[in-house]
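Please open the model in your viewer and keep the selection panel to hand. The tour below moves from the whole chain to single residues, one selection at a time.

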Amino acid sequence: MNQRASPDQADSDEGESARRWLRAPDGVPEWSSFFDSELVCLWSREVGSALAARDVRAWRLAGTSIALQYADEEEAAGLLHRAAVDAGLAFARVPADEVLGLAADPRAPFAEHAPVLVMLDHGPWAMEAAEESGGPRLTDASFTATLRRRLAAFDASCPVLFAVCCPKDDSLSPSLQHVGAFDRSFLIEPPDAEFVGRRFLRSLGPDVAADSLSAHPAKVGMMLAMEFEHHHQQQRAALQMIRLAQQQRRRVEFSDLATLALHGAQERSSKARKVNVGAARSKTAYHEAGHACIAVIASGGANVPDYASIVPARDFEGVVLESLAYYDAQNEFTFHSLLIRTRVWLAGRAAEELFCGPLHVSSGANSDLAAATRLAFRMFAFSGFHPDMERGRSTASNLAVLDRGDVDPVQRQRVSREVRRFLSDQYELVLQLLREHRPFVEAVAERLLWDPVIDQSEMADLARQHGLPVQASA
């Protein structure tokens, strides 16, 4: 026979649920560890003042349920925890799949822990709107209506506040953005590269980072932002770098971070590593040398790759990471940008042809060719670029651009024809540049065969040795 729990027992069960969601105040990050904490810090002060004043109007103005727009929910949780501690509140975090169970009375489980800030992890519960196709709602409309009414029933004598972190501006149902519910929203800016890099270097601690890391925090930040989007991923990367420094009894270099980013976080034994030997290894060296050298040559020494390697991984035999600083400094995409990117993409295959012969060109350039084709198609179809613009001709002949989206077969055939001509012309040019600078390409390939990783400083030195200009920023 089913037995109904007594009111006291129900209250006890709710309190127990809340206790497992509570977070201890120990180890909460300081405000300085967040890039954009200004608005949340101000809100924390307003909440603290309302708590001290016990004033209903002060609570209403501060906002008792807030929404943050930020892509990193884990970092947002740390920011909210810091805000709670400074305002004199406890802090709890409820998993997204348990929020539905709070609809009837979301504050009841936390009443005995008030004053408290409760973070509700974002999930389907927050997105009540029906799909345009007429499909089912992500969450029943009655849930959001009930939750909205309950959130509005704020009790200043027992303050229980709520917060949610949304990845996008449209990922919180409009019906939850009424006065009394989530009626205050903060847009949190993502950290810039300089901040990410300096925070990462601090987490490494003293005597871990070599100059190639410590002297270039912005470049470190760009690498991290590209391959490790969230803060917790960056923290794991830092720990792996510390382990590497300890294991090899040396300071870690930028090339170590690049290797970690490009090859993945999994540690592999020697049995799991792919090993290229003989002609295959030599071809890979020339392929990557082609990419790296054309990046330097075509950019006039501005795009000196940060990293080149012929250490094979599961998805590639070698890799070149072009200068992050070079691309970060570009504020717009021009026809010159298209030329540089296309030439670098084509250079691997061209180097194979030049140094190994047309019969021995491999399929290793598949992704490079696909990327060059996609970019050229977009620029010719949607941006009005034309292959002859490099020669100062036909600049007005392709201005009737297509709308984004599906391209009809006739227009696709027309644009594809121009793309093929463009890629053919650029490929011939790249072959000629590689012939003209053959000693430079051979030197880079030989360096990779001797030591399978080249960093930016080594690449710049090789370029200078062969009479090529290198810009100071490289």
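What follows is a series of selections, each with a description of what is found there.

**The whole chain.** Begin with everything displayed, bearing in mind that this is a predicted model. In cartoon view the chain shows 17 helices and nine strands, and its C-alpha atoms fill a box of roughly 85 × 60 × 50 Å along the principal axes. The radius of gyration is 29 Å, whereas a compact globule of 474 residues would have a value near 23 Å. Even so, buried residues make up 47% of the chain, and among contacts with a separation of 6 or more, 75% join residues 24 or more positions apart. If you switch to a surface, about 24,000 Å² is exposed, with carbon and sulfur atoms supplying 50% of it. Colouring by charge brings up 50 positive and 64 negative charges, whose mean positions are 3 Å apart.

**Helix H9.** Next select residues 231–248, which form helix H9; its 18 residues reach 26 Å from the first C-alpha to the last, close to the 26 Å expected at 1.5 Å a residue. Show the side chains of His 231, Gln 234, Ala 237, Ala 238, Gln 240, Met 241, Leu 244 and Ala 245, which are buried. Which helices do these buried residues pack against? Their partners are helix H4 (73–87), helix H6 (193–204), helix H7 (211–214), helix H8 (217–227) and helix H10 (254–263). Stepping past the end of H9 brings you to Arg 249, whose phi is positive, near 50°.

**Helix H4.** From the partners of H9, move to helix H4 at residues 73–87. The end C-alpha atoms of H4 are 21 Å apart, in agreement with the 21 Å that its 15 residues should span at 1.5 Å a residue. Because 11 of those 15 residues are buried, H4 is largely enclosed by the rest of the structure; the buried set includes Glu 75, His 81 and Arg 82 alongside Leu 79 and Leu 80.

**Ser 65.** Select strand E2, residues 65–69, and centre on Ser 65. Is this residue buried or exposed? Ser 65 is buried, with a relative accessible area of 0%. Leaving out neighbours within four places in sequence, Ser 65 is in contact with Arg 107, Leu 151, Phe 162, Ala 181, Phe 182, Asp 183 and Arg 184.

**Arg 412.** Now go to helix H15, residues 409–436, where Arg 412 is found. From Leu 79, Arg 412 is 333 residues away in sequence and 49 Å away in space, C-alpha to C-alpha. Arg 412 is partly exposed, with a relative accessible area of 42%, and it touches Phe 377 and Val 407 when residues up to four places away in sequence are not counted.

**Backbone stops in the loops.** Finish with three loop positions. Between strand E3 (90–94) and strand E4 (116–120), find Pro 115 and inspect the peptide bond leading to it from Ala 114, which is cis, with omega near 0°. In the loop between helix H2 (38–53) and helix H3 (56–62), select Arg 54, a residue other than glycine with a positive phi near 55°; Arg 54 is exposed, at a relative accessible area of 66%. Lastly, the loop between helix H14 (366–382) and H15 holds Ser 394, where phi is again positive, near 60°, and the residue is partly exposed, with a relative accessible area of 29%.

Conventions
Residues are numbered from 1 along each chain as its sequence is written. This is a predicted model: local features need pLDDT of at least 70, side-chain atom pairs count only at pLDDT 80 or more; totals for chains, interfaces and linings use all residues. Side-chain values use heavy atoms; hydrogens and water are left out. Helices (H or I, at least four residues) and strands (E, at least two) are DSSP runs, numbered from the N terminus. The radius of gyration is taken over C-alpha atoms; the globule rule is 2.2 Å times the number of residues to the power 0.38. Buried means under 20% relative accessible area, exposed over 50%, partly exposed in between (1.4 Å probe, protein chains only). Contact means heavy atoms within 4.5 Å. Accessible areas come from the Shrake-Rupley method with a 1.4 Å probe; for residues, only the protein chains shown count as cover. Lys and Arg count as positive and Asp and Glu as negative; His and the chain ends are not counted. The place of a charge is taken as NZ of Lys, CZ of Arg, CG of Asp or CD of Glu. The expected span of a helix is 1.5 Å times one less than its number of residues.
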